[in-house]
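Colleague: Could you take me through one part of this model slowly, namely the place where the two domains of chain A meet? I would also be glad to hear how that compares with the way the chains touch.

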Amino acid sequence: MRNSPRLLALVTAGSLGVSLAACGSGDAGTDEAAGGPIAVKATDSSCEVAKTSVDAGTSVFAITNGGNKVTEFYVYAAGDRVMAEVENIAPGLSRNLHVELPAGTYETACKPGMIGKGIRGPLTVSGSAAPLTDDAALLAATASYSRYVKSQTTALEERTAEFVAAVKAGDIPKAKALFPISRTYWERIEPVAEIFGDLDPRIDGREEVTEEGMTFGGFHRIEKDLWVAGDVSKSGPIADQLMADIKEIVQKANAEKLSPLQLANGAKALLDEVASGKITGEEDRYSHTDLWDFNANIEGSKAAIAALRPVLEERDPELVKTLDAQFANVDATLGKHRAGDGWKLHNQLTQADLKELSDAINALAEPISQVAAVVAKKA
Amino acid sequence: MVALSRRSALALAGAGVAGSAALVACKSSKPDPVTDAVAFTGEHQAGIVTPAQDRLHFVAFDVITKDRDRLVQLLKDWTAAAARMTQGRDAGEIGAVAGIPEAPPDDTGEAIGLPAAALTLTIGFGPSLFRRFGLGARQPAALAPLPKFTGDTLDASLCDGDIAIQACANDPQVAVHAIRNLARIGMGVVSVRWSQLGFGRTSSTSTGQATPRNLFGFKDGTRNLKAEEPDLLREHLWVQPGDGPDWMTGGSYLVTRKIRMLVETWDRSPLAEQEMIIGRTKGIGAPVGMADEFDDVDFTSVGADGEPLLAPVAHVRLAHPDTNNGARMLRRGYNFVDGSDGLGRLNAGLFFIAYQRDPRTAFIPVQRSLSGRDELNEYIRHVSSALFACPPGLSGPSDFWGKALFEYE
């Protein structure tokens, strides 16, 4: 968490008074697609999508995970803008994904192990598609990001429940393994969570920000119990409270109407999180799993920018090119520190490694800080 | 938008006058008494013979991009920002507070209301830069990395760098503001490798300035090259035609050394010993046996005990041009105190800065002479070392830092 959780809240009241309703574009789960669901067979090494061309309108994908790793399924527009996604599909499970797609060229992707670019395939959507008006493009951006938030909060709740269960069962190895994974979904959307003042510090507060009379709880208290004390026998109530807080914030986040300016500032805020908390190793000081959070912050920032992409493409294509190049640079730099399906620990990185990551974040954060002005600009 | 200085813009706003303050470009590198600004363009870069200002912020950058065009664009952007800031204006075209509320300001704002404060920004290119961007053939022979000297205790993270910028000003906040904004503009292309603040000039570069003192309490740079000595500057300071590649003609080579002074032990040594080690009196700074600061050093007189009056290991003897084949440099170093060192001692010393026509006949022989024998070595540690080639001054608005170096063919 950051020290000034109200940043986004302030922006809500800012100059761009566009209040947006989530415009039911496919996540309601009630649309019926012509021709029935498109089967997706996902394994640890393949992603077979039954159709690679569909008509414009709502499509339904039925994803079955036949592999041994938890997987995810995405439909991407240009620039990896997420049109729809389903997270956290456990081995053996099936999930449906509803997505409304205008005519255009897309990609599908399965992500076994939930990492990397995933196994990609082309998807062509044919039909008539009128270009969006400027305001409609902004509306579409917030709707797209709302879908992203919803997918993340769903997975956050599920994975936190597994983490909490492991803690309460006293299964320390399992809880340790689940800690950085459940946090991934949190870190991707943390600027949204920070809108709700008290909840963020309760869920993600570090020991030194615990105010007098308040119990040190949340993720980092359990982290300390797991890694420092090696004893979670008394952590049950803390874990229960974490679960209750997560449920509350998920509900609030899903109901929140975000403005395009909040997306822009959220993308920047996530990089600030990396620069001030993850590079330094402050965030996960007991487990040193900071690079999971680092990667999740970048993914969340990318998702917010991707949602705004059509607007940015129209208004400042040079900025989009710069952002693409700098996101790619951050990914490549961070990618050097992969370890299996996860990441090296923060304390395994050298000072030179951290400097290189810091330089990459700075190179991205400066152009990202220009996005809000482009979004605010009247067309 | 009219080019108002930070201070005049505020004054005008305060008085409610809608007018324009035209800045007079002055050809001299001395601060204009009215605007307090030093001309940014000229035959040589400002910040070398410019009367030494009181404050320093020096920065060395690593170039982190592989894209030559991005680096050249940064040099252009830097030049534009430096031209503005040295004239007392904001770093960006919009300014610290004139932009739209949703955008981060293009100037960081801490210099609002401050004068130009004689700010100079001086750029130099380090040997490591020439290993990249196809610059290999353009590296002057004089820009070979410095050799290791006896007793060096260098910290690699504080040494060298691809590009250096020296900011000098009479107000510390103006100097820091300049470096901070240049570093920000450079993000993604360069990364700060090391930087150093200095608070008190230790040399005078003009006959109009009194000789200041270093943290040992002694006058430093009495025999410095001065702006009023054009013949000596040609001979010892400015790179002359034929010395090396044309892009450096009119430029100068910059050596920096961060020299930690063990002031606590120095302060416990007797006055006579201090004066013996330096070779000058502590009060007026006269050479041993002489009456006035600017009297010539007497190398030969012998005392009643038969020993030379000026010790064989005295700092002035070892550093003197007569001892080093006439080697001379223009020094414009600064005192520093970087807090304390955790052992109850001040982390203090001299950030040595010297400009010269060729380090191979100036800094290198002088430092060889000093590093082996100087008694002062007992009280100092060299912790940082760097060498940069500082090109000549900018010819006008279409010129930019490094243009002659990068835009050849």
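Modeller: Happy to; here is the domain interface of chain A, followed by the contact between the chains.

A word on ground rules: this is a predicted model, in which local features need pLDDT of at least 70, side-chain atom pairs count only at pLDDT 80 or more, and totals for chains, interfaces and linings use all residues. Residues are numbered from 1 along each chain as its sequence is written, chains are lettered from A and ligands numbered from 1 in the order in which they are written, and side-chain values use heavy atoms, with hydrogens and water left out.

Chain A is assigned a domain 1, made of 7-17 + 137-376, and a domain 2, spanning 38-130; such bounds come from an automatic or database domain assignment. The C-alpha centres of these two domains of chain A are 24 Å apart. A UniProt annotation from an unreviewed entry, "domain: Imelysin-like", covers residues 141-371 of chain A; its position is given in the numbering used here, the feature name is shortened, and the annotation may be inferred rather than shown by experiment. Over residues 141-371, chain A is 74% helix and 2% strand, with the end C-alpha atoms 13 Å apart. Helices (H or I, at least four residues) and strands (E, at least two) are DSSP runs, numbered from the N terminus.

Now to the interface itself. In chain A, 19 residues of domain 1 are in contact with 17 residues of domain 2, contact meaning heavy atoms within 4.5 Å. Together the two domains of chain A bury about 1400 Å², 44% of it on carbon and sulfur atoms; buried area is the accessible area (1.4 Å probe) that two parts lose on being put together, summed over both.

Polar pairing is found here too. Between domain 1 and domain 2 of chain A there are 7 residue pairs in polar contact, both residues at pLDDT 80 or more. A polar contact is a pair of N or O atoms within 3.5 Å; within protein, one must be able to donate a hydrogen and the other to accept it, and residues adjacent in sequence count only if both atoms are side-chain atoms.

On the domain 1 side of chain A, helix H2 (134-168), helix H3 (172-188) and helix H9 (290-315) each supply at least two of the residues that touch domain 2. H2(A) gives the most, with 9 residues. That side of domain 1 of chain A has 7 nonpolar, 4 polar and 8 charged residues. Here Ala, Val, Leu, Ile, Met, Phe, Trp, Tyr, Cys and Pro count as nonpolar, Asp, Glu, Lys and Arg as charged, and the others, Gly among them, as polar.

Side chains of opposite charge can pair when their charged atoms come close. Across this interface of chain A the rule finds 3 salt bridges, each a side-chain nitrogen of Lys or Arg within 4 Å of a carboxyl oxygen of Asp or Glu. A:Lys69 forms a salt bridge with A:Asp341, their closest N and O atoms being 3.5 Å apart. Over all chains, the structure holds 47 salt bridges. A:Lys69 lies in the loop between strand S4 (57-65) and strand S5 (71-77) of chain A, and A:Asp341 in the loop between strand S10 (338-339) and strand S11 (342-343) of chain A, so the pair ties together parts that are 272 residues apart in sequence.

As for the chains, 13 residues of chain A are in contact with 12 residues of chain B, and the two chains bury about 950 Å² between them, 53% of it on carbon and sulfur atoms. The count between chain A and chain B is 2 salt bridges, and A:Glu366 forms a salt bridge with B:Arg184, the closest N and O atoms being 3.4 Å apart.
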